Amino acid sequence: MKLLVVVGARPNFVKTAPVINALPATGIDVAVLHTGQHYDYQMSGAFLDQLGFPKPKHVLGIGSGSHAEQTAAVLTGVELVLLGERFDAILVPGDVNSTLAAALAAAKLAVPVIHLEAGLRSGDWSMPEEINRVLTDRLSELRLCHSPEALDHLASEGITTGATVLVGNTMIDSLFDLLPAADARDCCGRLDLPQKGFVLVTLHRPALVDCPAALGEVLGTLQTISEELPVVFPVHPRTRARMGGALPAAIRVIEPLDYLDFMGLQAQARLVITDSGGVQEETSALGVPCITYRTSTERPITITHGTNRLVGLDPALLLAAAREELGRPPADSITPVPLWDGRAGIRAAAAIAVHFGAGLREPMSSPTSPIADTAESRYLSSTSEEQER
Ligand code: UD1
């Protein structure tokens, strides 16, 4: 079996690396296509290097543009690749423009689509990511989910063709894998930040940063928070462009960090304030308190888990939540999220092999946690009817 894995933006690299690493044991041949949606070294190359990504076989270099321009460029680029070489399936991760465009190109050519991180829903149709998620799931033949509510969303939308499998969170595999390397780089020390004594911020969603009044308000609130603890803010290029010269002096605004440095800082932060999806998950796995500055989340499991809280786009609620978190003693233990255990990539690869009948070339390495053990062996020994929940 030949599988094309399509990646384009920062979070895609983090999610797919563990699956790509696990696929050789299934006998499936993998080729990577990089759309070039993210292209700066800090946004792309550094991530690929640190995650040990294989060199992409195809590079589209689509770059920045409007939603239609990005989507159209990936659509035609992926179609050309699929017309030139036969692939048995295509794997697309997450919810970025590259994800939907690649899925659409493949589906129109009758190449089966595998969606990694399927079934997430914010219920907010004004988010480009929500449109990308819903449509990609609809186009997919195999949907790999990271939490149980995703299965319910797909069932309630009547998305039942092919199979849906709960495999766990591959983004957390990358985190657990590379946390020792991240710690060793001591980003905290290099930035002169006290361990567990600073607030880490990331904000890049259009709903916030493309609205000057909302962006101004949140920057003012971060300045107030910085009176209690240092605030460090690695700024995404979109946010940087919108901020212009309006940089509150008290906030440490720095360039986007590479994967290892950002993981190192996240692990050592006293509190994280974000509008990112992946950061809500990584803080849950790390047991670090997170405040999500958005009106909705497609990751409600991070809230029920107890590490994340949603405050809307309301600076007063953000300030109140931050003060409350900083007034509490830091948690002294981490509660694991089921199936966010460092083995999701192996389960995803196994699910792909079973679904497409590729068979296993060699036994999958032995599971290290009881959760993984149960889920993996249950999946591998279940009938395809059971797997198609
Ligand atoms: C994209 C995803 C978002 C994801 C985010 C992760 C969509 C619709 N959005 O948002 O879901 O959370 O990636 O970072 O796909 N830019 C650079 N260098 C780069 C990449 C971008 O300077 O390497 C600048 C460009 O000015 C560009 C802007 O950032 O116009 C936005 O980039 P884009 O890929 O359009 O969307 P993101 O905001 O990064």
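Q: Which polar backbone atom is 2.9 Å from an oxygen atom of the ligand?
A: In this predicted model, one belonging to Tyr39 lies 2.9 Å from a ligand oxygen. A polar backbone atom of Asn97 is also 2.9 Å from an oxygen atom of the ligand.

Q: And what about a nitrogen atom of the ligand, which side chain is 2.9 Å from that?
A: Asp40, through an N or O atom of its side chain.

Q: How much of the ligand does the protein bury?
A: The protein buries 85% of the 750 Å² that the ligand exposes when taken alone.

Q: Where does the ligand sit?
A: In the largest pocket.

Q: How many residues surround the ligand, and which are the closest?
A: There are 20 around the ligand, and Gln37, His38, Glu129, His236 and Arg238 are the closest.

Q: How do the shell residues divide?
A: Into 8 polar, 6 nonpolar and 6 charged.

Q: Switching to the fold, which helices each supply at least two residues of the shell?
A: Helix H1 (10-22), helix H3 (67-84), helix H5 (128-139) and helix H11 (237-243).

Q: Which domains does the shell draw on?
A: Domain 1 (2-169 + 340-388) and domain 2 (185-326) each give at least three residues to the shell around the ligand.

Key
Residues are numbered from 1 along each chain as its sequence is written. This is a predicted model: local features need pLDDT of at least 70, side-chain atom pairs count only at pLDDT 80 or more; totals for chains, interfaces and linings use all residues. Side-chain values use heavy atoms; hydrogens and water are left out. A residue is near a molecule or strand if one of its heavy atoms lies within 4 Å of it. A polar contact is a pair of N or O atoms within 3.5 Å; within protein, one must be able to donate a hydrogen and the other to accept it, and residues adjacent in sequence count only if both atoms are side-chain atoms. Accessible areas come from the Shrake-Rupley method with a 1.4 Å probe; for residues, only the protein chains shown count as cover. On a 1 Å grid over the protein atoms alone, a cavity is a set of points where a 1.4 Å probe fits but cannot get out, and a pocket is an open set with protein on both sides within 12 Å along at least five of seven lines; lining residues have an atom within 4 Å of a point. A molecule sits in a cavity or pocket if more than half of its atoms lie within 2 Å of its grid points. Helices (H or I, at least four residues) and strands (E, at least two) are DSSP runs, numbered from the N terminus. Ala, Val, Leu, Ile, Met, Phe, Trp, Tyr, Cys and Pro count as nonpolar, Asp, Glu, Lys and Arg as charged, and the others, Gly among them, as polar. Domain bounds come from an automatic or database domain assignment.
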